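Pull up the model and let's walk through it together. We'll go from the packed interior to a helix pair and then to some unusual backbone angles.

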Amino acid sequence: MEVLSLLKDMRINSTNYLIEISIKDYLLLVRDIMKENEFQRKRVKSSQTIYSLLKEDILKNCVVPPVVLALTAMDVHELPTKETFNAFIDRNKRHLLILDGLQRTYSIIDVESELISKGDDGSLTEFYSHKLRAEIYIGINRIGILYRMLTLNTGQTPMSLRQQIEMLYSDYSKVPFGAIELLKEVDGRFAVGLNQFNFRDIVEGFNSYLERNELPIERSDLLENIKSLEKLSQENAAKDIFKDYLETWHSFIMKMNDIIGEIEIAEEFNSEYGVPFGKNIFQVFKKQQSVSGFGAAVGKLKDFGIVTGFDDIKTSIEGIQLGVSGPDFIWNINKSLDWIKNNSKKIGNAQRMFFQYFFRELFNPQSESYLNANATVNTAFHKYVSQNF
Amino acid sequence: MPLNIYIENDTCVALDIIEYDVSTSSFSLGAKTNEEIVFQIPYILQMDSSHPDEEFEIYLLYKKDIAENDIYHVYENKIGLRLGWIFPLQALLSKEHSFSNNEHFLPFASASFSLLCKNKYDSYIKQPKYNPGTQYNLLDFYSEDTVVMCLWTKGFPASYTFDIYRYIPCCFKYGYYLQTKRNPGDIQISEDAKLSDRFNLVPMSDDLDKDKYIQTLLLELLPYESNVLIGFFHIYQVVELLMENIFVNEHKKAAAKLLAEQTNPYVIKDIIEEIQSSLSERNRLKRLLSHYLTTKIVDGSLKATCNVFLAKNSAKEGNFFYDYFYNVRNRVFHSYRDLSAGSADDFDNIVKLSRPVMSDLLINFKCV
């Protein structure tokens, strides 16, 4: 690897290293992260013709547009120089992510596989020696890197905002986050403990916070993404908002555990209404709909100037009271959710909306049901009905 | 016809390659005429392909603002046969409803999804623009509020053939409108009535099923009519149609009686009086309700609303359908220019409430 240029990106507070690297070294760099990092997008099942042409061009040593990588390691305190760069990358390569050029990388891997299977050592050696340019962003500002990812994807096969957030925060899913553990589907474990959360749900919730919208982001175009990042730029870009969001959510779960514990809904609910949304408080609040509602609600409260940020919410959480007994609260919230299930066009979206109203009312000091969980259920339900029916 | 997608220069391409990809739990759609077009539609429910698609038939209906959880078994009421399921298309796109893990529902859901991707039907479909890498879903091709009636035809007895057109009035009564080539989003009407636990399909009267006008009325005219007055005229055409049937039937019977009693002048006199009586619309309407229905119609709210309308327009109220409904008809037909402005809402409600009654008339009519 040879560092050709080093530039500071002031917009995202990160340093961009332009390097020239042989295809052989590039493959050594990225092969493991593509295998291990499940957040790298799967190959786009698209036109075989286009990729055939690309592979032919790569074999003929065409100049491939620079691929863009990012190093998301959390413990980078000192940036490498041109001289120390190679060793630095080698130490941290498992934290690399491909921001742009994933499909090109797949094509390069395909060419290698084909040459190996043909036994064409001569062509393989020559192929390995071809040079490729790459840019590597090194920095700890994850939101800034997210912004860069979005602008890089202009006009190309779009990556969803959620996918990009998942990629950025994949490190959090690997190590315990204080007391908090984020579990991915590939872990094969369920988030049953108080301190365990589904990574995907948390990412959706954070997405909802960024977008101020509890609805699932199914497809996003660049313009939508840029708009949400413009909102984000009003936040302090140096602070890790994701961490604040997750810790605040965790505090809420812990508080609900303190005041309700593991009480389960009465069996009569099944015969009267059917399967409840959540048998206990964890099943209610650990679902994606609730997490997204929370994210969107806090975002909106912040936009309205009612709270300044997650710190205000964390402080308020301590004051939450049920307002009724634990069994009554669980019954009441499930009854509201059951009505929503039977009457809404899109149940998941309706549930998210309900939870968004719930958390907005719960944490709004101007609300009559402020910090009263049961009263908030009623307020949120009536608000949902009045807005939708 | 297969689903279509637009590419550059507004060229439309048929999506005639449909494959289910187990590894990604999605249907892959492509075009034989353009190999560059390939995309996935994810299927999030558990795939159950224990029965091949060919064993099923689906019909596309539309119900405005249908709830995702409005999922019901479909039964043929007359012969007591379970036919399949009816559910919103949204139920195939979500795991949140009550049947997402139901082992009896899943084979129907899987077959329906596959058949929707293949689309061999002649009804309205959307044609989105192709954007490589975009993940599509069925709502890019089908209208929101689309309802799928999925029937397991392999389970039908040999003597039974399902004809959806015989069940249109029954579906209509509950606000389910069979989709046509026209955009179902243009449908103007809806019904509040909800099914309780299953959809009992009751066929239309055998004496009417050859009448193509009923199909035209219920598929093409009434659902799309926004003008309340024209809506009322359409509904009343059903009454007119039935009365015409009665007129013909009564005259046939009278003619037969005349032949049989041609030597008895007193009986002939009575028969002639009967014929004269049947010339009166009101009497025919009376006869429809008393002699030509297998089940009494339920019209409580309609009666009250008609009488409110009549009172506001200084017309005679009535106790029976042939009085209050006929009086409304007369008032509207003959004195529309003089109707009280304060009765406009009442008239709207009359039209809304008379739609299910119209369906009941079509189902329960029986020539005697």
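What follows starts with the ground rules and then moves inward.

This is a predicted model, so local features need pLDDT of at least 70 and side-chain atom pairs count only at pLDDT 80 or more, while totals for chains, interfaces and linings use all residues. Residues are numbered from 1 along each chain as its sequence is written, chains are lettered from A in the order written, and side-chain values use heavy atoms, with hydrogens and water left out.

The largest nonpolar core (buried Ala, Val, Leu, Ile, Met, Phe, Trp, Tyr and Cys joined through side-chain atoms within 4.5 Å) has 73 residues, with B:M149, B:Y176 and B:F325 among those with the most contacts inside it. Helix α4 of chain B (helices are DSSP runs of H or I, at least four residues) gives the most to this core, with 10 residues. Apart from it sits another core of 57 residues, including A:Y209 and A:M353.

A:Y209 also turns up where α8(A) meets α13(A). Those helices pack at about 25 degrees, with axes (lines fitted to C-alpha atoms over the stretch in contact) 7 Å apart, and are therefore roughly parallel (under 35 degrees).

Now the backbone. Most residues other than glycine have a negative phi. A:L371 has a positive one of about 60 degrees, and B:S314 has a positive one of about 55 degrees. A:L371 is buried (under 20% relative accessible area, 1.4 Å probe, protein chains only) at 12%, whereas B:S314 is exposed (over 50%) at 69%.

Note on methods:
Helix = DSSP H or I, 4+ residues; strand = E, 2+ residues; numbered from the N terminus. Axes fitted to C-alpha atoms, helices over the stretch in contact; angles between N-to-C directions. Parallel < 35°, antiparallel > 145°, perpendicular 65-115°, else oblique. Contact = heavy atoms within 4.5 Å.
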